[in-house]
Every structure is written in C-alpha cells, then in structure tokens.
Protein chains: 2
Amino acid sequence: METTKKYGERADLALSMWVKLARAFSTFNRLTGKDIAGYGLTQPQFGVLEALGHLGPMKIGGFCEKTLASGGNITVVVDNLERDGLVERVREGDDRRTITVRLTKKGTDLFHDIFKKHAAFVSEISSVLTREEQRELSKLLKKLGTSLQKKM
Amino acid sequence: METTKKYGERADLALSMWVKLARAFSTFNRLTGKDIAGYGLTQPQFGVLEALGHLGPMKIGGFCEKTLASGGNITVVVDNLERDGLVERVREGDDRRTITVRLTKKGTDLFHDIFKKHAAFVSEISSVLTREEQRELSKLLKKLGTSLQKKM
DNA sequence: TCCATTTGTTTTAAATTTGAAATATATCAA
DNA sequence: TTGATATATTTCAAATTTAAAACAAATGGA
C-alpha cells in the first residue's frame, strides 16, 4: 500500500484504487481471453454471441452499448461471425436503416455448449474471493461504473 | 442485479462481478484516456512516463510488468518518446543486452507538470465513491488481482 | 574453450481497434 | 413537398497491439 503522500491524501487514494482496478481487470481479462481463445473465438466475437444468447436478437447498435466495442468495429466482428455461419443479418421492422442480428442454429448450439464451460471457468477463477467478498466488490464496482457513466 | 439462476448461484455471482469489473474499468479508462490525450500523449506513453517518474530509470523489461503492455510494443512506445526528446536510452551496467531508459530534463518537467493535473482529475472522478468505499474497493481489487496473478 | 540454452530487445507481419468520411434512410419543421 | 438535420451502418485509412521470428549477449556445463 502506498503510504507516501505525493499528491495529497485524496488523490493518492484514488490513484491507488485506479491502479488496482486496472491490474485486476487486466489479469482477469487475460485469463478469460485464453479460455475464449480455446473455443476458437476472439473476445469481441464471444461478446457478441453472449449478448445474442442472453438477450436475444438485437440491432448492430445494441452491441456497441453491451460489449463496449466502438462502432465501426462491430461490423467486422459480425461479418466474421456471419462468414462462420454463427449469426445472420436480417432486415425487419419498419426502419430500413437498422439491421437485426440473430443467432443461427449453429450459433445457438455453439453458444450453449461454450458458455456453460466459460461460466464454470469464470466461477472457478473468481473463487479466490469468498461469495461475500464477490457481492461486496460487485456492489462497489456497480456504483463506480454507473456513476462514471454519467460523466462521459 | 441478475436474480435468475442461469448457471448456478456461484457462477451467476462470478459472471455478474466480472461484467461489473469490465464496465467500471472500461468507463474509468475512457475518462482517463481523454484526460491523457489532452496532454498530447497516448495511454502507453503516459504509462511509461509515469513509471519512470515515480520509480526512476528502468530497463525495457520493467515496463512490461509495470504498465501491463506486451513485450515488443514497448519498443515502439519508447521509440516515440525518444523521438520527442522525453526519454533516452542508455547502456549501463555490465549486462550489455539490457538498455536503461530514463527521463530527459524535458521529460521530467513534462511529467511533473501533467501528472499533478492528472492526479487531480483521477481524484475528481473517483469522488463518486466515498473515501471509505475507495479503501474497501482497493482492498478487494488488490486481493483479486494478486490472487489471479498466481493463476497466470 | 566450446556449445547449448537462456535472457533482453528489436523487427516484422498479421490482426484489431479507432475515428472520420460516406451512404442510406428517417424525421420534422417550414 | 422540400430541405435540414438526425440516426444506423459501412467503408476506409491510420494507429495500436500482439505474437512470433530474429538478433545479440550472457550463462553454465562439458
């Protein structure tokens, strides 16, 4: 723990928290990334499949919010998933600008198979914290994340 | 909060925590990234300057650990900082394979100038949490990060 | 000494990500 | 209806990131 006051007590506390947030995320992300690569998917691809599997068909724009990936990038990710026969683009509804993406049969099967294993993996590595600690961490992260969202 | 048990209680809790960790990191990272861009630096460049400013001269390999950037990438970052006259590479010590990087006068001045502002910025956005919450969050993130490190 | 192995850094090519146009369609007010 | 503005998606070029190969130097055992 940093004890020297370099930038004042408040700033030191905030900087220290930010470093720990970045490190915890980075390490967790690397571990899950390896797990996902083991299924032959990239992380953004997995994110799109996950959103579709859990939330149902959605418009391209929906992925930007859900997977936190930036606009033009989703196009490529969906292109590649479509090429692999996992998702399909359909025009539906009255707004012809929007495109709905949905899982194919193959995509649905893959999702169910993979995500169960992935959930077990995430659960396993998270067990370095007790369930109570996980609940407390979730609560604080949620407050931080949603509060910051308003500053964007 | 997710209340439906999709993958079992433990897995749902872990997945929920992981989503919140990713979102909080992403949002925080975007905000600090904008602040850093305002100083004319990229995030990896800022990370290298920060490491040098706080920890003193270090070898290339040191940045990989400190800034969590992957190997060959640091070379480019240091190249660009050197081009801008902010850091310099020196060979010193008895191992001629290693290269020590250190701040130039210009780099030191820039570091002191911008890091104070950056610290204030991080402190400001972190104030959405009380200091007690920040301490608690730090503690849990540290435990998570260091425990996961061992699984890599 | 010599050779094999290890370590530290750079180079290279491929993949990814971003942001800024470009395109197509919608909406709304005059 | 027209024109201006807004929204959804794609295209494109530039920057970034990664992993693997290449290179240089150090180490340690035969």
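## The A–B interface

Putting chain A and chain B together buries about 6400 Å², and carbon and sulfur atoms account for 72% of that area. Keep in mind that this is a predicted model. Each chain brings a fair share of residues to the contact: 59 from chain A and 59 from chain B.

On the polar side, the two chains are linked by four salt bridges. One of them pairs A:Glu133 with B:Lys143, with an N to O distance of 3.0 Å. There are also 14 residue pairs in polar contact between chain A and chain B, counting pairs with both residues at pLDDT 80 or more.

## What chain A puts in

Four helices of chain A each supply at least two residues to the side that touches chain B: α1 (9-37), α3 (60-67), α5 (105-126) and α6 (131-149). The top contributor is α1(A), which gives 23 residues.

Sorted by class, that side of chain A holds 28 nonpolar, 18 charged and 13 polar residues.

## A look at A:Val87

Now for a single residue. A:Val87 sits in strand β2 of chain A, which runs over residues 87-90. Is A:Val87 buried or exposed? Its relative accessibility is just 2%, so A:Val87 counts as buried, the cut-off being under 20%.

Leaving out residues up to four places away in sequence, A:Val87 touches A:Leu49, A:Leu52, A:Val78, A:Leu81, A:Glu82, A:Val101, A:Arg102, A:Leu103 and A:Thr104. As for A:Thr108, 21 residues away along the chain, its C-alpha atom lies 8.7 Å from that of A:Val87.

Terms used: Residues are numbered from 1 along each chain as its sequence is written. Chains are lettered from A and ligands numbered from 1 in the order in which they are written. This is a predicted model: local features need pLDDT of at least 70, side-chain atom pairs count only at pLDDT 80 or more; totals for chains, interfaces and linings use all residues. Side-chain values use heavy atoms; hydrogens and water are left out. Buried means under 20% relative accessible area, exposed over 50%, partly exposed in between (1.4 Å probe, protein chains only). Contact means heavy atoms within 4.5 Å. Buried area is the accessible area (1.4 Å probe) that two parts lose on being put together, summed over both. A salt bridge is a side-chain nitrogen of Lys or Arg within 4 Å of a carboxyl oxygen of Asp or Glu. A polar contact is a pair of N or O atoms within 3.5 Å; within protein, one must be able to donate a hydrogen and the other to accept it, and residues adjacent in sequence count only if both atoms are side-chain atoms. Ala, Val, Leu, Ile, Met, Phe, Trp, Tyr, Cys and Pro count as nonpolar, Asp, Glu, Lys and Arg as charged, and the others, Gly among them, as polar.
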